[in-house]
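Dear colleague,

I am passing on the structure below for you to look through at your own pace. My notes on what was found in it follow underneath.

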Amino acid sequence: MTDKSTNRADIQRRNFLKSGALLMSFSLASGVNLMIMNSGANAQANAKIRWGLLIDANKCSPECDACIRACANEHGWENNGKLTDPQWIRKVKLKNKQTGREVSLPLMCQHCEFPPCVDVCPTGASFKRKDGIVLVDRHICIGCRYCMMACPYKARSFVHEKINNQKTTTPRGKGTVEACNLCVHKLDRGDGITACAQACENSGNGAIIFGNLNDKNSKISRALANYPSVELRDDLGLNLAVRYQNI
Amino acid sequence: MRVLLGALLIFIFFANSLIAEDNFPLIPKATGKPHPEGNEFIRINHMDLLRHDRDLVVKEGIRNIDNSLAQCVTCHVVRDENNEPVTYESEEYFCRVCHDYVAVKLDCFTCHNSVPSAEVSISLFRDENAPFERLMAYLEEKDNDR
Amino acid sequence: MERIKYSELSSGTKLWWAAAILTIIMAIGAFAVFKIEHYGHIVTGMNNQIVWGVPHIFAIFLILSASGALNIASIGSVFGKQEYKPLARLSSLMAISLLIGGLAILVLDLGRVDRLIIAMTTYNFKSIFAWNVLLYTGFLGIVAIYLYAQMVRKEQPFLLKSTALIAFLWRLILTTGTGSIFGWLVARSAYDAAIMAPMFIAMSFSFGLAVFMLIFFGISALGSGQYTAQMRIRQARLLVIFVGVVLYFTLISHLTNLYLAEHGGYERFILLDGGIYSFLFWVGHIFIGSILPLILLLHPRLNIRKGIIILAAILVVLGGFTQLYVIIIGGQAYPLEIFPGYEVSSSFSDGIINKYTPSYLEFMLGMGGVGLALFIILLGVKILRILPVNLSKNLGYENKLDVK
């Protein structure tokens with residue numbers, strides 16, 4: 001089954017590449033302005049790219065929740081403090097038990113290279129894209145929640161009730177599991193940044209750097225090469241795409 | 001037993017008249033350009049096209065496809081008396097008109113938004129020349145797979 | 001030696017009452033399913049922290065009992081103990097029925113029940129969950145053939161022997177798979193241990209036997225079963241061993257965790273200050289589910305009494321439920337250690353004991369599965385020749401041990 005769909009996908013892609021990619025924009029009768037993205041080869045999931053985030057806990061202000069609001073707004077989720085409410089990204093406050101030092105940081109799906117959620121998913125709904133983004137294919141998610149049991153970061157939420165008025169770019173619905181998708185729709189259309197990183201930049205804190213971990217010259221790679229950073233639960237050997245500094 | 005068979009025959013007879021042509025659902029008019037492949041083609045194949053392209057989007061991140069659901073929703077919007085788009089919860093919703101008629105469950109809109117959104121970039125029939133040929137190639141491929 | 005005769009359960013008022021009660025229980029379960037389906041899991045007590053709740057406890061209990069219930073047949077056919085053979089048919093029927101009941105709960109608790117077909121057709125072979133789907137369905141098929149081989153008019157020794165052996169091996173693999181659902185979770189301190197698989201096997205032996213005994217008592221009470229004294233005393237002794245083995249595995253797993261500093265917090269939580277979880281562990285699992293039945297079943301005078309043996313089996317079942325509650329819910333209630341050495345707080349329950357209040361719907365769903373399993377068993381013994389009827393007369397099973 002999977003083979004077949006990959007085949008089709010390949011055919012479609014080949015045809016598509018032959019036809020070339022253009023950027024155009026035109027108006028529809030209703031007045032809605034539709035834009036066609038130039039994406040082609042560079043915007044679709046590319047195995048040469050590995051998207052990642054670098055989060056500097058020192059620069060993250062404890063009071064600021066710009067990244068959370070940006071994510072909620074981008075993807076249309078809401079957390080009102082109920083235990084059943086989703087939370088794609090959350091602010092965690094840390095206090096070192098020995099030294100008493102306090103920091104805060106945003107925590108979201110870490111987009112592991114070896115994601116436990118993908119290993120345990122019975123149907124393969126939980127999967128990793130070629131560019132390292134870990135996603136839930138909600139078309140085949142049966143809502144068993146085993147991935148939520150398996151995630152070391154509690155990154156995933158289960159949609160407990162009916163949802164209306166979803167964002168068109170982020171379909172989500174009752175009975176399936178969801179998590180940070182690294183703003184995959186934004187990356188695919190070539191925005192080159194996630195909502196949280198953009199919001200953090202706009203807030204002036206600049207605690208989140210987004211970029212391609214495989215590109216040695218990207219800002220994120222240079223920062224990682226020059227300053228110490230950690231992975232959360234690095235004992236698990238999952239090789240995370242989200243790294244932290246100054247925890 | 002004979003009574004049962006008789007009842008069944010009578011039922012079939014009437015059921016037949018029930019699906020006579022004048023009882024077909026009234027399909028709401030769409031805005032935008034017509035499907036280059038023809039409506040009949042889309043009526044028969046829309047589910048395969050949607051499934052094929054959803055896999056492209058979700059798995060491969062190829063989003064400038066011909067048959068995105070957001071695109072369907074944009075052109076096939078049905079508006080109520082206040083000129084507001086109706087959601088799939090209304091019986092007048094474009095997809096539901098036929099889906100209710102043939103009693104096929106509509107599953108897209110438990111997750112996807114059923115009304116058009118202005119904020120989104122969606123591809124319209126981007127490649128004006130080739131989509132039909134490509135569709136044919138795809139469907140041939142599908143036939144070969146079977 | 002005369003052949004053992006088998007017969008259907010004879011009709012009677014009691015039987016109809018039992019069927020009616022079970023139907024009502026199933027209807028209640030169905031109500032819960034529709035309600036959860038319609039409103040979503042918001043109507044259950046499960047949430048984003050406790051993602052598996054009471055339905056999963058029922059489901060896993062039934063699945064473990066299913067593979068354990070087959071032991072009676074295996075002891076007869078694989079290990080050649082003649083005295084267990086007459087019960088092999090009932091044992092196989094129970095294995096199938098209990099598994100169906102457990103799977104029904106598991107499946108009906110899914111977020112998207114309507115996508116069951118996807119679960120059956122799309123597999124990720126790296127997932128132990130996916131393997132379990134295959135193991136469960138395979139088990140149903142193999143035990144069905146095994147049951148056929150036992151019941152077929154013209155005996156086929158090879159078919160019987162081989163299916164008995166395959167079924168026995170399969171149930172070991174199956175329970176290993178069930179245990180590994182937890183054992184292979186690296187994320188949580190409560191799980192992530194190879195001992196989960198053998199411990200679940202031990203649990204399945206113990207729960208399965210206790211459930212078998214209780215159901216057989218129940219069927220005997222409905223009329224035509226013959227739970228002879230010797231049989232029940234023999235099984236009670238076996239239950240002592242199984243309960244002891246579960247206790248042993250529990251001890252080892254906790255000792256191992258206590259030795260490792262990183263699991264100290266979790267052990268403290270379960271054993272000492274976990275509130276309901278510590279209570280359920282010590283009072284439910286250890287005292288009611290293990291110590292008390294061991295005392296009853298080892299007592300030289302009490303352990304041959306019918307009432308005492310029934311009581312002990314009930315206690316083992318109750319203890320089993322509490323044990324699973326502690327493992328499944330307690331394991332999730334303890335916070336994930338994402339930042340060792342830090343005090344953690346957030347708006348998503350980081351660093352705190354997760355709250356869980358099961359809703360009545362979850363119990364209704366779980367009981368519905370139990371009702372389904374029992375109904376299938378009842379249907380089976382009613383329409384098939386499952387129950388041995390001439391045990392005491394022909395095989396000398398009755399002896400002086402029978403003190404009523």
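**A sheet shared by two chains**

In this predicted model, Asn96 of chain A has Tyr342(C) as its bridge partner in strand E2(C). That pair belongs to a set of 5 bridges that join strand E4 of chain A, residues 89-96, to E2(C), the two strands running antiparallel. The sheet to which they belong is open and has 3 strands, in the order E5(A)-E4(A)-E2(C), with antiparallel pairing. Strand E5 of chain A (102-108) and strand E2 of chain C (342-346) stand at its edges, and because each has a single partner strand, one side of each is left without a neighbour in the sheet. From one strand to the next the twist averages 30°. Helix H3 of chain A, which covers residues 66-75, lies across E4 and E5 of that chain and runs at about 160° to E4(A).

**A helix in chain C**

Helix H8 of chain C takes in residues 196-222, and its 27 residues reach 38 Å from the first C-alpha to the last, close to the 39 Å expected at 1.5 Å a residue. H8(C) is mostly covered, with 21 of its 27 residues buried, and Gly223(C), whose phi is positive and near 150°, follows this helix.

**Chain B**

Chain B contains 5 helices and 0 strands, so that its pattern along the sequence reads α-α-α-α-α. Of its 146 residues, 26% count as buried. Among contacts in chain B between residues at least 6 apart in sequence, 58% join residues at least 24 apart.

With best wishes

Methods: Residues are numbered from 1 along each chain as its sequence is written. Chains are lettered from A and ligands numbered from 1 in the order in which they are written. This is a predicted model: local features need pLDDT of at least 70, side-chain atom pairs count only at pLDDT 80 or more; totals for chains, interfaces and linings use all residues. Two strands pair if DSSP finds at least two bridges between them. Helices (H or I, at least four residues) and strands (E, at least two) are DSSP runs, numbered from the N terminus. Axes are lines fitted to C-alpha atoms, for helices over the stretch in contact, and angles run from 0 to 180 degrees between N-to-C directions. Two residues are in contact if their C-beta atoms, placed from the backbone, lie within 7 Å. The expected span of a helix is 1.5 Å times one less than its number of residues. A residue is buried if 20 or more other C-beta atoms lie within 10 Å of its own, exposed if 12 or fewer, and partly exposed in between; C-beta atoms are placed from the backbone.
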